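Reader: Please take me through one part of this model closely. I would like the contact between the chains, and then what lies around it.

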Amino acid sequence: MSRIATALTIADPEGFYAELLAVHDALSPEASAALNARLILLLANQVGDRAVLSEALQEAARGSDTAG
Amino acid sequence: MQHDEDPIRYPYRRVADQDASHPVRHPVVVAGAGLVGLVTALDLAGRGVPVVVLDAGEGVSAGSRAMCFARRSLEILGRLGCAEAAVAAGIPWHAGRVHHGPDVICGVEHGPEAGQRRPAFLNLPQAQLEAILVARLRALADAGAPVSLRGANRIIAVGTHPDHVRLEVETPEGPYSLHADWLVACDGANSSVRRMMALGFPGRGYEDAFLIADVAMDSDAPAERMFWFDPPFNPGRSALLHRQPGNLWRIDLQIGADADAAAELAPDRVLPRLRAMLGGQARFTVESLAIYRFHCRRMERFVHGRVLFAGDAAHQVSPFGARGANSGIQDADNLGWKLAAVIAGAAPELLESYNWERGLAAEENIQAAARASDFITPRSDASRAFRDAVLTLAGRHPFAREMVNTGRMAEPCTYDDGPLNGPDAAGLPGRTRPGAAAVDVPCAGGWLLDRLPQGFALLAIDADAPEAGLPVLRLGSAGHGALAAAWTGAGGGVVALLRPDGHVAARWHTAAGTPTPGDIAAALATAGGTS
Ligand SMILES: Cc1cc2nc3c(=O)[nH]c(=O)nc-3n(C[C@H](O)[C@H](O)[C@H](O)COP(=O)(O)OP(=O)(O)OC[C@H]3O[C@@H](n4cnc5c(N)ncnc54)[C@H](O)[C@@H]3O)c2cc1C
């Protein structure tokens, strides 16, 4: 049973994507990694639901090898 | 033994066993007079079981080791008549403060004091607590209890047999042999009993070294647990500062994976580190120094026939959270009554519940200590990035403060789904469910734990307890809000069956009817007792 959203839930997805890239502009790889870590924690707290978080972690851990 | 002897020493003395033509047989031999061996001996002696404690050394432990004892340990020590002396000698505390870089990011509260008899935590050097236990053991022996402590008695060989254990003991006057019906191995993390029985101690070691120092210093800083991540005086690493009695301060400084112990202990390395931490003006003297690398590991089983492992011999954790000695004291509390029961004729299977219950506790403690170690000493770039993200966010957002892990402080283990647990009843407070340690609260005539009868007992609050051949403590909750909050909850009465270690075995809510004598007998049988 899938709990994570697979259909689009974000209004203005292209605008969000551009904003996501913009906050990383001019950052070193370390600073980008640090920003991503903070972002993940903020978003995870926003999601809250432990089962959804576990599923998202597993989905992310699948990486690119099974994609396509 | 004379009770006016200095309790920090237990020098070698020749005993009759050494001159016997055949090995003398004892019901219980305890290997090791560390905290866990001493608590085990006091518990067994209090139950009338004769016990001989053998220690390789001739006095209490040296150097900087445990110093932080949790409320549950104090409750157990209270049952053994040692809590008042410990509390009088120690520094109580319940709050902590966490720094990141130069800033304070959050305070930590470890349980309010109001309505509590014992402090959440007590800081007291391990050696001082051991001395209190040695003094108590001598007082019992002077009063005729069959308990003795033999210094400079090192166990050098263990032979296991179906009905006894044979020990070879080395002394300054040569070796002698002993037979024990039961051997309780409390001989520490490098347990020689474990090694001689070729038993494993699997787990994880951590690369980072820590400098542990006790310094004497006049300071009016509060008795709080102060933790630093990445402080200016130890960049990229952590530090911990704790107040101990007598103007003594405990410092834990992370010094990295490559640290060379001998070089780091040289005064020209140590003093600048300490001066940077304590400030240029601080006047201090170094009382003891050590370098440690920490481990989280456990024996697969704590029960091996007639040899029972407890304390660091059975399991070892990194010290963040103060779970080492505190859990070892609970091992002794759990084992004592069971071993006494088996010696009195109960089926030895009761000892399997020691393995189960304290194995569960060891798992909990290892998980908590391993998570704290991973947070304090991140293992990879990714874990460091998340750790630093938590610390950065914690300054601004309450949710992230909950993820800051400087060591989850020791809590007593609740033996949920344990083999000795009997029925539970809906609608009663979770804190006193079967498997939990009884919650101490004020009640008529003093404190609940003081008023509990020894051995198995029934606690009946706002309820009638049936005649079941057990002593009963009857209490009313009127005017005792804490008693009601911990034990009866929203209304109605409760009958609880309590084990000799003060853990709840079973409970009934009078809303669903008073338990019958048969209900109680069944729960008692499940819990390993006889009426
Ligand atoms: C730096 C540091 C800080 C710590 N802080 C805390 C804390 O704040 N709170 C906490 O709860 N825990 C803490 N701990 C853990 C705590 O010190 C141990 O968990 C505790 O000492 C274990 O007690 P024990 O009785 O099992 O073993 P030990 O204290 O190691 O005692 C073992 C005894 O066995 C004896 N012995 C060994 N071999 C033999 C033999 N062959 N024959 C006879 N006797 C033998 C030894 O002489 C010794 O007396 C800390 C540990 C360290 C290193």
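Author: **The contact between the chains**

Chain B and chain A bury about 740 Å² between them, and 89% of that area lies on carbon and sulfur atoms. The model is a predicted one. Nine residues of chain B are in contact with eight residues of chain A. On the chain B side, Phe386(B), Leu393(B) and Phe399(B) lose the most area to chain A. Together they account for 58% of what that side buries.

Two helices meet here. They are helix 2 of chain A, residues 29-47, and helix 10 of chain B, residues 381-394. Their axes are 8 Å apart and the packing angle is about 65 degrees. The crossing of helix 2 of chain A with helix 10 of chain B is right-handed.

Now the residues. Helix 2 of chain A brings Ala33(A), Ala34(A), Ala37(A), Arg38(A), Ile40(A), Leu41(A) and Leu42(A). Helix 10 of chain B answers with Ala385(B), Phe386(B), Ala389(B), Val390(B), Thr392(B) and Leu393(B). By class, this helix contact holds eleven nonpolar residues, one polar and one charged.

Next, chain B itself. Chain B is divided into domain 1 (16-89 + 121-202 + 297-364) and domain 2 (430-527). The centres of the two domains, taken over C-alpha atoms, are 30 Å apart. Eleven residues from domain 1 of chain B and eleven residues from domain 2 of chain B make the contact. The two domains bury about 810 Å² between them, 44% of it on carbon and sulfur atoms. In domain 1 of chain B, Arg72(B), Glu75(B) and Trp337(B) lose the most area to domain 2 of chain B. Their joint share is 58% of what that side buries.

Trp337(B) also belongs to a helix pair. Helix 8 of chain B, residues 324-343, packs with helix 1 of chain B, residues 35-46, at an angle of about 30 degrees. Their axes are 8 Å apart. The angle is under 35 degrees, so helix 1 of chain B is roughly parallel to helix 8 of chain B. Helix 1 of chain B passes helix 8 of chain B in a right-handed crossing.

From helix 1 of chain B come Leu35(B), Val36(B), Val39(B), Thr40(B), Asp43(B) and Leu44(B). Among the residues they meet in helix 8 of chain B are Gly328(B), Ile329(B), Asp333(B), Gly336(B), Trp337(B) and Leu339(B). The full contact of these two helices divides into ten nonpolar, three polar and two charged residues.

Key
Residues are numbered from 1 along each chain as its sequence is written. Chains are lettered from A and ligands numbered from 1 in the order in which they are written. This is a predicted model: local features need pLDDT of at least 70, side-chain atom pairs count only at pLDDT 80 or more; totals for chains, interfaces and linings use all residues. Side-chain values use heavy atoms; hydrogens and water are left out. Axes are lines fitted to C-alpha atoms, for helices over the stretch in contact, and angles run from 0 to 180 degrees between N-to-C directions. Helices (H or I, at least four residues) and strands (E, at least two) are DSSP runs, numbered from the N terminus. Angles under 35 degrees count as roughly parallel, over 145 as roughly antiparallel, 65 to 115 as roughly perpendicular and the rest as oblique. A crossing is left-handed if the near helix is turned anticlockwise from the far one by less than a right angle, and right-handed if clockwise. Contact means heavy atoms within 4.5 Å. Ala, Val, Leu, Ile, Met, Phe, Trp, Tyr, Cys and Pro count as nonpolar, Asp, Glu, Lys and Arg as charged, and the others, Gly among them, as polar. Domain bounds come from an automatic or database domain assignment. Buried area is the accessible area (1.4 Å probe) that two parts lose on being put together, summed over both.
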